[in-house]
Amino acid sequence: MTPKAIILTPDEVRRALTRIAHEIIERNKGAENLALIGVHTRGIPLARRLAEKLSALEGVDVPTGMLDITLYRDDLSEVAQQPIIRETQVPFDLRDRRVILVDDVLYTGRTVRAALDALIDLGRPAGIQLAVLVDRGHRELPIRADYVGKNLPTAASEVVKVKVQETDDVDSVELWDMEALR
């Protein structure tokens with residue numbers, strides 16, 4: 001099986017993350033008091049890469065964390081009988097920090113809503129911003145990303161698959177027809 005289209009190549013993923021890092025610095029007037037928290041699974045390596053870029057550009061350490069939203073999902077009963085709970089790890093105080101929540105794809109907004117609930121349970125940051133590699137539209141909730149690598153209008157019958165080197169051995173964004181995946 002092959003994807004319907006390759007939306008981002010490895011170089012385009014790298015450039016999108018570099019652009020997002022510059023936008024974060026510009027909007028926040030630097031990288032002081034920032035923290036990045038990636039949403040399982042592919043948001044975590046994206047957050048780490050962004051933190052590395054921010055640190056290299058600004059010369060400050062930007063801490064990262066990882067967030068599991070499984071128990072905060074509004075469709076938990078539909079997902080699985082025994083959902084897989086992954087690790088949440090935020091080894092720093094959220095207070096007085098501007099947190100950038102990082103995920104791979106923004107779709108209905110329900111994952112972000114769950115992530116916001118999970119994050120607030122960990123503390124009260126000074127502010128929360130959202131960075132995504134792909135925004136594919138079709139929102140069901142009034143949620144919008146602050147930083148977007150690629151806006152990709154899609155049909156409901158399409159699937160956006162983000163691949164990252166750390167888990168998939170390649171960086172890419174692919175568009176698939178849902179029927180091809182069945």
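These are legends for a handful of close-up views of one predicted model.

**View A. The largest pocket and what sits around its centre.** This one frames a pocket that holds about 690 Å³ of space. Its lining comes to 26 residues, and the ones nearest the centre are His40, Arg73, Asp103, Asp104 and Thr111. If you like to think in residue classes, the lining splits into 12 nonpolar, six polar and eight charged residues.

**View B. Which elements build that lining?** Four elements each hand two or more residues to the lining of the largest pocket: helix H3 (76-79), strand E4 (98-106), helix H4 (110-122) and strand E7 (158-163). Strand E4 gives the most, with four residues.

**View C. Helix H4, with its buried side.** Here we zoom in on H4, whose 13 residues should span 18 Å at 1.5 Å a residue; the end C-alpha atoms sit 19 Å apart, so expectation and model agree. Tucked away in H4 are Val112, Ala114, Ala115, Ala118 and Leu119, which are buried. Look down the axis of H4 and its buried residues fall within an arc of 160°, so they line one face of the helix. H4 is also among the elements that give two or more residues to the lining of the largest pocket.

**View D. The Lys4–Glu158 salt bridge.** The search of the whole structure turns up 12 salt bridges, and this view shows the one where the side chains of Lys4 and Glu158 meet, at 2.5 Å from N to O. It's a link between distant parts of the chain: Lys4 is in the segment before strand E1 (5-8), while Glu158 belongs to strand E7, 154 residues apart. The two ends sit in contrasting surroundings. Lys4 counts as exposed because its relative accessibility is 51%, and the cut-off is over 50%. Glu158, on the other hand, is buried, with a relative accessible area of 10%.

**View E. Two salt bridges between residues close in numbering, Asp93–Arg95 and Asp135–Arg139**. In the Asp93–Arg95 pair, the side chains meet at 2.6 Å, N to O. Asp93 is partly exposed at 42% relative accessibility, and Arg95 is exposed at 55%. In the other pair, the closest N and O atoms of Asp135 and Arg139 are 2.8 Å apart. Asp135 is buried, with a relative accessible area of 10%, whereas Arg139 is partly exposed at 28%.

**View F. A salt-bridge network.** This close-up goes beyond a single pair: Arg49, Glu166 and Asp171 are linked in a network of salt bridges.

**View G. Leu17 in helix H1, buried or exposed?** Leu17 lies in H1, which covers residues 10-28. With a relative accessible area of 2%, Leu17 is buried, because the cut-off is under 20%. For a sense of scale, Leu17 and Gly38 are 14 Å apart in space, C-alpha to C-alpha, and 21 residues apart in sequence.

**View H. Asp61 in its loop.** Asp61 is found in the loop between helix H2 (43-58) and strand E3 (64-67). It is exposed, with a relative accessible area of 69%. Asn33 makes a handy reference point: Asp61 and Asn33 are 28 residues apart in sequence, and their C-alpha atoms are 9.3 Å apart in space.

Notes:
Residues are numbered from 1 along each chain as its sequence is written. This is a predicted model: local features need pLDDT of at least 70, side-chain atom pairs count only at pLDDT 80 or more; totals for chains, interfaces and linings use all residues. Side-chain values use heavy atoms; hydrogens and water are left out. On a 1 Å grid over the protein atoms alone, a cavity is a set of points where a 1.4 Å probe fits but cannot get out, and a pocket is an open set with protein on both sides within 12 Å along at least five of seven lines; lining residues have an atom within 4 Å of a point. Grid points are joined across faces, edges and corners, and a volume is the space filled by probe spheres set on the points. Ala, Val, Leu, Ile, Met, Phe, Trp, Tyr, Cys and Pro count as nonpolar, Asp, Glu, Lys and Arg as charged, and the others, Gly among them, as polar. A salt bridge is a side-chain nitrogen of Lys or Arg within 4 Å of a carboxyl oxygen of Asp or Glu. Buried means under 20% relative accessible area, exposed over 50%, partly exposed in between (1.4 Å probe, protein chains only). The expected span of a helix is 1.5 Å times one less than its number of residues. The arc is that of the directions from the helix axis to the C-beta atoms.
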